[in-house]
Every structure is written in C-alpha cells, then in structure tokens.
Amino acid sequence: VASQIRRSFDKQANSPVDIVRIAANREELPVARQIASALVELGYSVCLNVMQITNIPSDELQVMTKAIAGWDVVEVLYFADSFGNLTPSDTRRIIEILQTEWRGELGIHAHNNKERALVNTLSAMQVGVEYLDSTILGMGRGAGNASTEGLLVELNASGHDEYYPDAVFPLVLHEFSDLKKRYGWGPNLYYFLSATHGIHPT
C-alpha cells in the first residue's frame with residue numbers, strides 16, 4: 001500500500017494539496033491505516049471518514065475509535081450518515097461515543113435521504129463537531145447532502161457573523177438550480193423510504 005501511495009502522491013512540499021481525506025467502511029480500516037501512515041510520511045494532513053456509521057454498534061464504535069486514535073496519524077475523524085437515516089438525537093449519541101476515545105477534531109458528512117442533513121449537521125456543531133460538510137443546493141449523489149446556503153444562513157443567525165450567506169445566493173438561484181433540474185439530485189419518496197428499514201414504494 002505504501003508504495004502505491006508514493007506512486008500516486010508526491011511529497012506534500014511539492015504538491016498544492018495539503019489535506020487528504022480517506023473514506024472507509026469499518027472492514028476497510030486496516031488498509032485505511034496503511035494509507036494514512038504513508039500519506040503522513042509524505043507530509044500530508046489526513047482526515048478519516050468512517051462510512052455507514054449507523055451499521056456500527058455502539059460498543060464496536062467505541063473500540064474502533066480508540067484504535068484509530070492509537071494510530072496517531074489521523075488529524076480529523078469524520079463520520080458519514082451514508083444512508084441518511086440519522087436523527088439529531090442519534091447524531092449526538094454517536095458524537096458522545098466518539099468523544100469518549102477521540103481527543104482530536106471531529107467532522108460530519110450528512111446525507112439527506114430523510115431531509116435531516118442540515119439539522120443533523122447543526123446538531124453535531126452544537127456538541128463540538130468542527131468540520132461540517134455541505135454543498136451548494138445540497139448537490140450530491142442520490143438524495144444529496146446538507147446545503148451550504150442553508151448552513152451559512154443558520155451559522156449567521158446563530159451569531160457567526162463572519163459568514164455572508166447572501167454571497168452564494170446568486171450561485172444557488174441560477175447556476176445550481178439549473179444543474180439540479182438537469183441532474184435531479186435531492187430527497188424524494190424513494191430515498192426517504194429506502195432509509196426507513198429498506199422499504200421501497202411499489
């Protein structure tokens with residue numbers, strides 16, 4: 001793995017890239033560790049995004065988090081609501097588990113199957129998550145993600161006046177609205193039901 005990384009990445013000092021994020025399911029974590037270690041040796045900062053977080057039992061999540069902390073190569077630990085079925089209370093519970101073993105910064109990557117991506121992202125921020133993923137108009141595969149414009153509005157309204165949400169509004173209303181009509185991402189009944197015990201409408 002290390003040799004493959006060295007073939008794909010130059011030393012960070014010679015690269016415009018500072019940070020590399022690795023996305024991995026729990027069974028892929030041993031390989032993710034090797035990739036992360038090789039990247040750190042080359043001078044990069046590494047974020048690890050643990051996917052399908054709702055498939056990991058609480059006790060296993062705690063053990064897994066402790067192990068990742070022990071690698072000593074991950075700067076930011078992300079979790080992804082890959083199926084978009086978390087609630088705000090689920091989100092806070094997962095973060096509390098992570099915080100028992102993780103002392104570094106945390107991030108969230110929320111999917112919008114049940115139209116909770118933004119509220120889950122805000123709930124995560126309220127309990128100490130520093131890295132909040134979002135995209136313009138929620139652009140993303142399938143049901144999409146938390147919207148950047150919605151997140152900026154909420155941050156601004158909660159006193160973070162260094163953010164100017166209106167700066168992205170023209171982009172939302174024109175370019176990205178057209179893209180959404182063309183490619184059709186975003187929540188719908190199919191995504192909502194598939195996030196609820198795998199139910200599919202007939």
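A β-α-β crossover is right-handed if, with the strands pointing away from the viewer, the path from the first strand over the helix to the second runs clockwise. This tour of a predicted model begins with a unit of that kind.

**Stop 1: S4, H5 and S5**

Select strand S4 (105-110), helix H5 (117-126) and strand S5 (131-132). Together S4, H5 and S5 form a β-α-β unit of right-handed sense. The two strands are parallel, and two bridges pair S4 with S5. To find the register, pick Gly107, whose bridge partner in S5 is Tyr131.

**Stop 2: back to S3**

Keep S4 on screen and add strand S3 (76-81) and helix H4 (88-101). S3 runs parallel to S4, and six bridges join them. Phe79 is a useful marker here, since its bridge partner in S4 is Ile108. From S3 the chain passes through H4 to reach S4, again as a right-handed β-α-β crossover.

Is S4 enclosed or open to its surroundings? Five of its six residues are buried, so S4 is largely enclosed by the rest of the structure.

**Stop 3: the nonpolar cores**

Next select Leu48, Val50, Ile53, Leu61, Ile68, Leu77 and Phe79, the residues with the most contacts inside the largest nonpolar core, a set of 37 residues. The elements giving two or more residues to this core include S1, H2, strand S2 (45-50) and H3, as well as S3, H4, S4 and H5 from the stops above. H2 gives the most, with five residues.

Centre on Leu61 and show what surrounds it. Beyond its neighbours within four places in sequence, Leu61 is in contact with Ile53, Ile56, Ile94, Ile97 and Leu98.

Apart from the largest core lies another, of seven residues, including Ile136, Val168, Val172 and Trp185.

**Stop 4: the salt bridges**

How many salt bridges does a search of the whole structure find? There are two.

For one of them, select Arg21 and Asp133, whose closest N and O atoms are 2.9 Å apart. This pair links distant parts of the chain: Arg21 sits in strand S1 (residues 19-24), while Asp133 lies 112 residues away in the loop between S5 and helix H6 (148-157). The two ends differ in accessibility class: Arg21 counts as partly exposed at 38% relative accessibility, whereas Asp133, with a relative accessible area of 14%, is buried.

For the other, select Glu60 and Arg26, where the closest N and O atoms are also 2.9 Å apart. Glu60 belongs to helix H3 (residues 58-71), and Arg26 to the loop between S1 and helix H2 (29-41); the separation in sequence is 34 residues. Glu60 is partly exposed at 32% relative accessibility, and Arg26 is partly exposed at 32% as well.

**Stop 5: Gln12**

Finish in the loop between helix H1 (2-8) and S1, where Gln12 is found. Is Gln12 buried or exposed? Gln12 has 18% relative accessibility and therefore counts as buried, the cut-off being under 20%.

Which backbone atom does its side chain reach? The side chain of Gln12 comes to 3.1 Å from the backbone oxygen of Val17. To see the rest of the surroundings, display Val17, Asp18, Leu42, Gly43 and Tyr44, the residues in contact with Gln12 once neighbours within four places in sequence are left aside.

Key
Residues are numbered from 1 along each chain as its sequence is written. This is a predicted model: local features need pLDDT of at least 70, side-chain atom pairs count only at pLDDT 80 or more; totals for chains, interfaces and linings use all residues. Side-chain values use heavy atoms; hydrogens and water are left out. A salt bridge is a side-chain nitrogen of Lys or Arg within 4 Å of a carboxyl oxygen of Asp or Glu. Helices (H or I, at least four residues) and strands (E, at least two) are DSSP runs, numbered from the N terminus. Buried means under 20% relative accessible area, exposed over 50%, partly exposed in between (1.4 Å probe, protein chains only). A nonpolar core is a set of buried Ala, Val, Leu, Ile, Met, Phe, Trp, Tyr and Cys residues joined through side-chain atoms within 4.5 Å. Contact means heavy atoms within 4.5 Å. Two strands pair if DSSP finds at least two bridges between them. A polar contact is a pair of N or O atoms within 3.5 Å; within protein, one must be able to donate a hydrogen and the other to accept it, and residues adjacent in sequence count only if both atoms are side-chain atoms.
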